[in-house]
Amino acid sequence: MRPFKFSSANDLRAAAQTIAANREAQFLAGGTNILDLMKEDVMRPTELVDVSRLNLTQIKSAKGGLSLGALAKNTDTANHPLVRQNYPLLSQAILAGASQQIRNMATNGGNLLQRTRCSYFYDVAMPCNKREPGSGCGALEGINRMHAIFGWSDKCVAVYPSDMSIALVALDAIVKVQGTNGAERSIPFADFHRLPGDNPEKDTNLIHGDLITAIELPKNNFAGKSYYLKVRDRASYAFALVSVAAALEMNGSKIKQARIAMGGVAHKPWRALQAEKMLVGKEATEANFRQAAEAEMKNAKPLEHNKFKVELGNRGIVRALQMAMNGAV
Ligand SMILES: Cc1cc2nc3c(=O)[nH]c(=O)nc-3n(C[C@H](O)[C@H](O)[C@H](O)COP(=O)(O)OP(=O)(O)OC[C@H]3O[C@@H](n4cnc5c(N)ncnc54)[C@H](O)[C@@H]3O)c2cc1C
Ligand code: SF4
């Protein structure tokens, strides 16, 4: 590990300003991602500002919905009675990720900002535009079984790894951010992460020095019919090949609203808007679920080693919707 400067923050604005003053500085929250990346020499911050003691750990009702503190632990968020009762999709998604020990350390803000698990990104001997802009993409013509099928560019084909974020985009969450000038901004979750385009080194639309303070969840009517499905190589402690967050609101036997988001398929949480649109006003049948899934997946552009993800996506969407319809928890 390379030497770095360390300080512990006790003031939000000062923390953001310290980071903003140094391009090479980073916040430290639970440390479960950034410290690994530093040990692997993938990230080389010259300064860390520990924000874990800031008073941003509350989970509370707000504006008819819920506010999740950026520094609340993943475990506390998943197990909070209001999350379990009103946003079971989020609880399931968090519990599908990592391990109990890691979730005990990991924070909500850090979870959103975890970096890709592309193996070329982690291997400093390989070219990677995300780690070192302009060096090339090892995965484009390499082993790309785990990589993207939507929204990739020839600069980067990585997928975004967070499970929690897939539920958050389906639930129309909003990220609250404090900028370096002290002003608070709200970023709709769908605009928080970005596709790689020509700048895969940028994972999000944050400005250097922005501190995530909270994640807000609007009131919703999906609690009784939602499900997070994660398909992976091992039953636990593995990232998604494909995941689907599905939620339905019914009007009698017809679907009033559908929410479908996918993980493991793109550089950001992928909202399946085509599929959602097709389901509105339809009966909740397997045939309609399959039709909606195919409308979404027909636009996929798989790479050499991940063509299987297209049919996995089709089946995943159908299965997650069926489980949601059955009120599975
Ligand atoms: C072995 C292993 C398996 C895992 N499996 C999964 C999995 O299956 N699914 C899954 O979703 N995740 C998985 N994870 C990832 C884990 O969920 C993340 O490492 C964790 O959520 C990151 O949170 P943290 O608080 O530790 O972040 P840190 O490591 O402290 O920080 C991560 C990044 O976020 C920035 N940051 C942190 N807080 C803030 C803030 N408030 N404002 C602005 N920037 C901030 C930091 O500067 C850093 O760049 C796994 C991790 C490990 C090690
Ligand atoms: S897919 Fe992205 S992260 Fe992976 S090697 Fe290519 S540029 Fe790097």
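Helices here are DSSP runs (H or I) of at least four residues, strands are E runs of at least two, and both are numbered from the N terminus. With that in hand, you can place Asp154 in the loop between helix 8 (119–122) and helix 9. One thing to keep in mind throughout: this is a predicted model.

**Around Asp154**

Let's stay with that loop for a moment. Asp154 and Leu140 are 14 residues apart along the chain, and their C-alpha atoms are separated by 7.0 Å. Setting aside neighbours within four places in sequence, Asp154 is in contact with Leu140 and also with Cys137.

Cys137 turns up again around ligand 2, as one of the closest residues, together with Cys118, Cys128, Cys156 and Val157. In total, 15 residues surround this ligand. By type, that shell splits into ten nonpolar, three polar and two charged residues. And where does ligand 2 sit? You'll find ligand 2 in the largest cavity.

**The nonpolar cores**

As a general rule, nonpolar side chains in soluble globular proteins tend to be buried together. In this model, the largest nonpolar core has 37 residues. Leu68, Leu89, Leu90, Leu112, Leu168 and Leu217 are the ones with the most contacts inside it. Several elements give two or more residues to this core: strand 5 (65–69), helix 5 (88–95), helix 9 (164–170), strand 6 (174–178), strand 8 (211–217) and strand 10 (242–251). Which element gives the largest share? That would be helix 9, with six residues.

Leu90 shows how these pieces meet. Not counting residues up to four places away in sequence, Leu90 touches Leu68, Val83, Met164, Ala167, Leu168, Leu171 and Leu217. There is also a second, separate core of 30 residues, which includes Ile149, Val265, Ala266 and Ile317.

**Helix 5 and Thr77**

Helix 5 is mostly covered, with seven of its eight residues buried. The buried ones are Pro88, Leu89, Leu90, Ser91, Gln92, Ala93 and Ile94. Take Pro88 in this helix: its relative accessibility is 9%, so Pro88 counts as buried. Beyond residues up to four places away in sequence, Pro88 touches Val83, Ala223 and Ser226. Pro88 also has a distant sequence partner to look at: Phe222 is 134 residues away along the chain, yet the two C-alpha atoms are 8.9 Å apart.

Thr77, in helix 3 (residues 74–79), is another covered residue. Why does Thr77 count as buried? Because its relative accessible area is 0%, and the cut-off for buried is under 20%. Outside the four places on either side in sequence, Thr77 touches Ile59, Leu68, Ala72, Val83, Ile94 and Asn108.

**Two loop residues with positive phi**

Now for a pair of loop residues. Ala98 is found between helix 5 and helix 6 (100–105), while Asp172 lies between helix 9 and strand 6. Phi of Ala98 is near 55 degrees, a positive value in a residue other than glycine. For Asp172, phi is likewise positive and near 55 degrees, again in a residue other than glycine.

Here is how the accessibility values line up for four of the residues above.

| Residue | Relative accessible area | Class |
|---|---|---|
| Thr77 | 0% | buried |
| Pro88 | 9% | buried |
| Asp172 | 33% | partly exposed |
| Ala98 | 36% | partly exposed |

Ala98 and Asp172 count as partly exposed because their values, 36% and 33%, fall between the cut-offs of 20% and 50%.

Note on methods. Residues numbered from 1 in each chain as written. Chains lettered and ligands numbered in written order. Predicted model: local features only at pLDDT ≥ 70, side-chain atom pairs only at ≥ 80, totals over all residues. Heavy atoms only, no water. Core = buried A, V, L, I, M, F, W, Y, C linked by side-chain atoms within 4.5 Å. Buried < 20%, exposed > 50% of the residue type's maximum accessible area, 1.4 Å probe, protein only. Contact = heavy atoms within 4.5 Å. Near = heavy atom within 4 Å. 1 Å grid on protein atoms, 1.4 Å probe; cavity = no way out; pocket = protein on both sides within 12 Å on 5 of 7 lines; lining within 4 Å. Sits in = over half its atoms within 2 Å of the grid points. Nonpolar A, V, L, I, M, F, W, Y, C, P; charged D, E, K, R; others polar.
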